[in-house]
Amino acid sequence: MGEHQIESEGDVSKTSSNENELYEAIIIGAGAAGIGVAISLVHVGIENFLVVDRDTVGSSFASWPEETRFITPSFPSNSIGMLDLNSIAIGVSPAFSMRVEHPTGIEYAEHLRSLAKFFELNVRDKTNITNIEKNEGIFYLKTDTKTFQAKNVIWAAGEYQSPSIDVFAGSELCLHTSNVKKYGDLMGDDFLIIGGYESGIDAAYHLAKQNKRVRVFDMNCPWGESTSDPSVALSTFSFERMRDECFEKNVELFAETPVKSVTFKEETFELKTEDGQVFQSKVKPLLASGFEGSHKHVSHLFEQREDGFPLLNEQDESTIVPGMFLCGPSVRHDNHIFCFIYKYRQRFGIVAQAIASSLDLPTDEFVEAYRSWGMYLDDLSCCGQECLTC
Ligand SMILES: Cc1cc2nc3c(=O)[nH]c(=O)nc-3n(C[C@H](O)[C@H](O)[C@H](O)COP(=O)(O)OP(=O)(O)OC[C@H]3O[C@@H](n4cnc5c(N)ncnc54)[C@H](O)[C@@H]3O)c2cc1C
């Protein structure tokens, strides 16, 4: 397993696939999780696998609002054995290849495409999986026109394309932040934002930069949490931006203020809070309410936890359908939440080893290398609140 510092950018090189072929594994989703776990499969020695995406590599990142940047910083720290926080593979550093500390979504999508090309991943674009069934040990993955077959399936279809929209009465009248192309293009001067975690603060910052008035409502107080875990509290990147003069001048924060409803009458949006306050604006309110997650589409293949997330065994595999794996930010174990890249990448090696072992491939060397890079986390008891828990 050598060092791969990716410098070039370009399109995915391979797009070939044979519909009648029985793949060792099919990965659904070519985002950070899908491409990352695909590289782990390469490293463990699995060759006959396919990555499918309904759009193309990195498409969720490519559709972020234009101004939005990574909150986790990239730094070329691999040379001292510490993987770049935004890296999805051993030997890869977005900081090294892009010379950017906080990449935009477009930049990170290009980075993922360059990785797919470098590792010669077999990626099939424009392939929307609409149904998965398992019959006599084989998975059948259907699109509207084709059926693929595999011994193992890795669901890595992410969260971004499944936003939480139905959150209070009238929330459908709002604009979800995942549907904003560019904050600078939004018309109006007076914005109401529902949700004050990373996306809400990001929206508020970019609007405040344009000298717009912004009011942010959150049922909790993300900017007041004392934990250092960015799954709960805001990131240092956001705290820095909240100290910017434009933010302090233009943004008003309403903590512990759940929104009850939004209505639209006489060209005016009216927002009511649970505690009886009323706010008005001519501008469509922004919904920064987060994401439901695509795992809802495969709920028939997993038992559900109490919080609705898939119940997984120690190898991130379904407890009821062997060979069905989950990768990415929806992975949950007890109260551990793997919602950032530097968290969920630690489970790629676990999944790759499980599949390789089922195919009788040797994995000792692979596990040793992955463990030494912090890419093989099998003992969750070692992780305290600051590293994994929300
Ligand atoms: C605004 C914002 C900022 C963020 N900042 C950070 C950050 O700074 N650091 C960090 O670590 N994380 C950050 N995150 C979280 C990070 O973006 C996600 O963890 C990451 O995108 C998840 O990657 P993924 O591969 O699971 O999903 P995605 O990147 O969404 O990839 C899923 C892929 O699956 C495809 N797909 C979906 N359904 C199907 C289907 N049925 N058939 C075929 N293909 C399908 C999609 O087209 C998509 O390409 C941020 C998220 C947001 C929204």
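The paragraphs below go through the domains, the nonpolar cores and the ligand shell of this predicted model. Local features need pLDDT of at least 70 and side-chain atom pairs count only at pLDDT 80 or more, while totals for chains, interfaces and linings use all residues. Residues are numbered from 1 along each chain as its sequence is written.

An automatic or database domain assignment divides the protein into domain 1 (22-161 + 291-382) and domain 2 (171-287). Taken over C-alpha atoms, the centres of domain 1 and domain 2 are 31 Å apart. Domain 1 gives 10 residues to the contact and domain 2 gives 15, where contact means C-beta atoms, placed from the backbone, within 7 Å.

The largest nonpolar core (buried Ala, Val, Leu, Ile, Met, Phe, Trp, Tyr and Cys residues joined through C-beta atoms within 7 Å; buried means that 20 or more other C-beta atoms lie within 10 Å of a residue's own, these atoms being placed from the backbone) has 71 residues. Ile26, Ile35, Val37, Val153 and Cys327 have the most contacts inside this core. Its largest share, eight residues, comes from helix H1 (residues 32-44), helices being DSSP runs of H or I with at least four residues, numbered from the N terminus. Another core, of 29 residues, lies apart and includes Phe191 and Leu234.

Around the ligand are 34 residues, counted when the C-beta atom, placed from the backbone, lies within 6 Å of the ligand. The closest are Gly29, Gly31, Ser60, Gly158 and Gly328. H1, helix H2 (59-62) and helix H8 (341-344) each give two or more residues to this shell.

Technical notes:
A residue is buried if 20 or more other C-beta atoms lie within 10 Å of its own, exposed if 12 or fewer, and partly exposed in between; C-beta atoms are placed from the backbone. Two residues are in contact if their C-beta atoms, placed from the backbone, lie within 7 Å.
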